[in-house]
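This report walks through a two-chain model, one chain at a time and then together. Keep the coordinates open while reading.

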Amino acid sequence: MRHRLRDPITGLLFVLPMLVLFVIFRFVPTLGAAGMSLTDYKISGDWSFVGVDNYARLLDDPIFLGALRVTVVYVAIYVPLTVVVSLSTALLLNSVIFMKGLFRGALFLPYVTSFVFAGVIWRWIYEFDGLLNGLLAKIDLGPVGFLDDTALVLPALATVSVWKGFGYSMLILLAGLKSIPRSYLEAARVDGANAWQRFRSVVFPLLRPALFFVMVIETIGAFQTFDLIYVMTGGGPSRASYNLILALYDQGFGDFNLAYAATIGISLFVLVFIVSMIQRRLLDRSEK
Amino acid sequence: MTLTETKRPAPPPVGRRSAVRGRASGRQWPLVALLAVVSVLTVSPFLLMVVLALSPANEPTVPHRWPDGLTFDNIMTNLTSSGFLTWTVNSFIFSAVSVVVILLTASMAGYAFAKKRFPGRDTLMWAFLATMMVPFQATLIPLFILVSELDGADTFWGLIVPTLANSQAVFLMRQFIRDLPDELFEAAKVDGAPEWRVYLQIVLPLTKPILATLGVFVFLWHWNDFLWPLVVANSDEVRTLTVGLASLRGEEFPQSMEMAAAAISVVPCLVVFFVLQRYLVNSIAMTGLK
């Protein structure tokens, strides 16, 4: 303890490399984004202060509002889907002993790949000439333009994202399930509770922290989806999968509306922040 | 290690557990069958990708019919095209350099945050954690302008250095080192060892397991990263494999060639998976790293 007290210099020196990286590449750009959103920063570097003009423009911009809608709808499709899939597979894995390690590995496998990889494979699966339509043709159905239909494109993209990512949440939930003492379940069984009642009254309450963690992580991730949409649809058809990150990317690197793109970034941050706070509240309330 | 011992709950009595398992096993088979179906469905895109990658280019293949013969032509054509090779090497450089530098800087910072006392320590740690709340995309535009101003666009340092500021890594190292007993560090100090030797000879060896875990994750994060390489590394000399793979589209590039490229790009991830699966799986459960 004595040494900890008189070590101000070495402590700082050890933090210094990471601190420098953080200040330059995290703190400065974060403040920069907030600052830029109040200017009309141009690619030439010229800028003047414009107040909240950029934010006012957002509220009047059909492309931004459309992207906002797509983002929210995508999150609303993806999060429940991935929670259901990862919870079901975690429950299945938890109740099976035979070849459990193999199954767990197979289900987790897509997690280690990239969204670009997933996008390339699933573009083929969804194509008119691809796997799903090939299978549908065998039973005289289709072809279905999974990525060409404005109503199907978001569920189709969410499915790919679930495939690529559910292994992670499954492992978190599996660890949560394993930490539930068997004696609790045995006691419930002895009391005559059926499988659903045991899940409802024993498993679910004890799993709630893990479920909450998974929901928060997946929600934040879903708001930030970019790679997959960029590769699979580019935001189409007719901007039906054009979300906030694609709008930010196009405004910034397509049209060079840098300040406006930064404003979209700030609005994304605010959105993610608000949703996280609401989720936090809901959890706190449900625990009382 | 004491850490794992304190965290592990007491195992249930052996006889009792096997009795439970024995009773349940009769009812297991439908669940095993269901699990097998879901597992096969999950893995099937990989298998189909391999079939496509090995199919002769521009000839009918799955799902319409089984290809007449399998060939490594697509794989070889990709591997011998200079662009593809450069992207692959670039991805390796991007990932490997990031692993080494992040492990070093994050373990140093984690050690200081866990075991040192210096002015502003808690504020700094809080600030590091707070950056996790800010989505990377929200800072993308200013970050790109900054890196361009520093002449980092289309350079390796511009690609790599901004991705090294990793708060998850610092936080993980801090948590792990904080649980190590203070006496280990005190003893070395009493012996008069300089601080850098304490770090090299005590901190690094003791944190090996968590460094290995973190290294695997950093490798995967960077190998699979897309948005930052997409905006900052436009020229072929710096372009990474994910960005290159995303650019392979169109009539002149046959499906089977694209699948072969995708298959090659995923090999390092699969190696990591098959060699370190148990490790990855346990660390996700314990640390929540994503």
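UniProt positions follow the numbering used here, with feature names shortened, and the annotations may be inferred rather than shown by experiment. The record, an unreviewed entry, places "transmembrane region" at residues 12-34, 72-93, 105-125, 152-175, 210-232 and 258-278 of chain A. Residues are numbered from 1 along each chain as its sequence is written, while chains are lettered from A and ligands numbered from 1 in the order in which they are written. The model is predicted: local features need pLDDT of at least 70, side-chain atom pairs count only at pLDDT 80 or more, and totals for chains, interfaces and linings use all residues.

**Chain A**

Confidence comes first. pLDDT is the predictor's confidence in each residue, from 0 to 100. Chain A averages 91, and 97% of its residues score at least 70. Residues 1-5 of chain A fall below 50; beyond near neighbours in sequence, this stretch has six contacts in the model. A contact means that two C-beta atoms, placed from the backbone, lie within 7 Å.

Chain A has 13 helices and zero strands. Both element types are DSSP runs, numbered from the N terminus: helices are H or I with at least four residues, strands are E with at least two. The radius of gyration of chain A is 24 Å, where a compact globule of 288 residues would have one near 19 Å. That radius is taken over C-alpha atoms, and the globule rule is 2.2 Å times the number of residues to the power 0.38. The C-alpha atoms of chain A fill a box of roughly 75 × 75 × 35 Å along the principal axes.

The unreviewed UniProt entry also gives "domain: ABC transmembrane type-1" for residues 68-279 of chain A. This span is 75% helix and 0% strand, and its end C-alpha atoms are 19 Å apart.

Two loops deserve a look. Between helix H11 (227-232) and helix H12 (244-254) of chain A sits Pro237(A). The peptide bond from Gly236(A) to Pro237(A) is cis, with omega near -5°. Met99(A) lies in the loop between helix H4 (62-94) and helix H5 (100-108) of chain A. Its phi is near 55°, a positive value in a residue other than glycine.

**Chain B**

Chain B holds 15 helices and zero strands. Its radius of gyration is 24 Å, well over the 19 Å of the globule rule for 290 residues, so chain B is more spread out than a compact globule. The C-alpha trace of chain B spans about 75 × 70 × 35 Å along its principal axes.

For chain B, the unreviewed UniProt entry lists "transmembrane region" at residues 31-54, 92-114, 126-147, 159-177, 198-221 and 259-281. Some annotated spans of both chains are set out below.

| Span | Helix | Strand | End C-alpha distance |
|---|---|---|---|
| 12-34 of chain A | 100% | 0% | 28 Å |
| 152-175 of chain A | 96% | 0% | 34 Å |
| 31-54 of chain B | 96% | 0% | 34 Å |
| 92-114 of chain B | 100% | 0% | 32 Å |

How far does helix H15 (residues 255-287) of chain B span between its end C-alpha atoms? It spans only 39 Å, whereas a straight helix of 33 residues would span 48 Å at 1.5 Å a residue. The expected span is 1.5 Å times one less than the number of residues. H15(B) has a kink of about 85°, centred on Leu276(B). The bend at a residue is the angle between axes fitted to the seven residues ending there and the seven starting there. Just after H15(B), Gly288(B) takes a positive phi of about 70°.

**Between the chains**

In chain B, 74 residues are in contact with 77 residues of chain A. The chain B side of this interface divides into 50 nonpolar, 14 polar and ten charged residues. Ala, Val, Leu, Ile, Met, Phe, Trp, Tyr, Cys and Pro count as nonpolar, Asp, Glu, Lys and Arg as charged, and the others, Gly among them, as polar.
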